[in-house]
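Welcome, and take a moment to turn the model around before reading on. The paragraphs below walk through it one region at a time.

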Amino acid sequence: MKTEGSKKSFDLSVMIKGLIIGTVVGAAALFLLTMVCVGAVIKMETVPYGAVAPIVMVISCIGAFLGGYSGARVSKQNGLLLGAVSGTLLFLIMLLTGILSGGVIGTGSLLRFLLAATAGSLGGIAGVNKRKKK
C-alpha cells in the first residue's frame, strides 16, 4: 500500500523533457522505418497500390509506440498522457510533411491520428511500467 510520502509529484519540466525525447525518438524511428520500406520497394521494383496505406499505418504505429515508450521511460510518470501527446505530435509531423509534399487531408487522416495516439499511449504505459533490472 502506498503512503503519502511515496507519491510522485507532477513535474512539468520532466514531462516536457520526456515529451521532447519521445517525439524525437519516434520521428527518428519513423524516418528509419520509412527508409527501410523505400529500400524494399526499390528492390522489389513494384508494390501493389493497396499495400501502401497499411504499410504507412503500421510504420506510424511503431514510431508512435517507440516515441511514447522512450518518453515515458525518461519521465517515469503519466505514461498514458505523455504517450498520447507524443503520438499526436508525431501525427502532426507526418500530416505537415504530407501536406508540404502535395498530399491532401482525407478520411484516412482521422484513422492515422487515432492509431498514432493509441499506439503512443500504449507505449507510454509500457514505458512507465517497465521495471529496472536488479
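Is Lys76 buried, partly exposed or exposed? Its relative accessible area is 43%, so Lys76 counts as partly exposed. Keep in mind as we go that this is a predicted model. You will find Lys76 in the loop between H2 and H3, and its backbone has something to show: phi is near 60 degrees, a positive value in a residue other than glycine. Most residues other than glycine have a negative phi. Asn78 lies in the loop between H2 and H3 as well, and its phi, near 50 degrees, is again positive without the residue being a glycine. With a relative accessible area of 35%, Asn78 is partly exposed.

From the loop, step back into helix H2, which covers residues 52-75. A search of the whole structure turns up two aromatic pairs. Phe65 and Tyr69 form a stacked pair, with 6.4 Å from centre to centre and 15 degrees between the planes. The angle counts as stacked because it is under 30 degrees. Both residues sit in H2, four residues apart, or about one turn of the helix. An α-helix has 3.6 residues a turn, so residues three or four places apart point the same way. How covered are these two rings? Phe65 is partly exposed at 32% relative accessible area, and Tyr69 is partly exposed at 24%.

Now cross the loop to helix H3, which runs over residues 79-100. Ser86 belongs to this helix, and its relative accessibility of 0% means that it counts as buried. Leaving aside residues up to four places away in sequence, Ser86 touches Leu19, Gly22, Thr23, Gly67 and Gly68.

Next, look for the largest nonpolar core. Seven residues build it: Leu30, Ile59, Ala64, Leu90, Phe91, Ala116 and Ala119. H2, H3 and H4 (107-129) are the elements that each give two or more residues to this core. In soluble globular proteins, nonpolar side chains tend to be buried together. One core member, Phe91, touches Ser109, Arg112, Phe113 and Ala116, again not counting residues up to four places away in sequence.

That brings us to H4 itself. This helix has 23 residues and reaches 34 Å from its first C-alpha to its last, close to the 33 Å expected at 1.5 Å a residue. Its buried residues include Ser109, Ala116, Ala119, Gly120 and Gly124. Among the elements that cover the buried residues of H4 are H2 and H3.

Methods. Residues numbered from 1 in each chain as written. Predicted model: local features only at pLDDT ≥ 70, side-chain atom pairs only at ≥ 80, totals over all residues. Heavy atoms only, no water. Phe/Tyr/Trp six-rings, centres within 6.5 Å; stacked < 30°, edge-to-face > 60°. Buried < 20%, exposed > 50% of the residue type's maximum accessible area, 1.4 Å probe, protein only. Core = buried A, V, L, I, M, F, W, Y, C linked by side-chain atoms within 4.5 Å. Contact = heavy atoms within 4.5 Å. Expected span 1.5 Å × (residues − 1).
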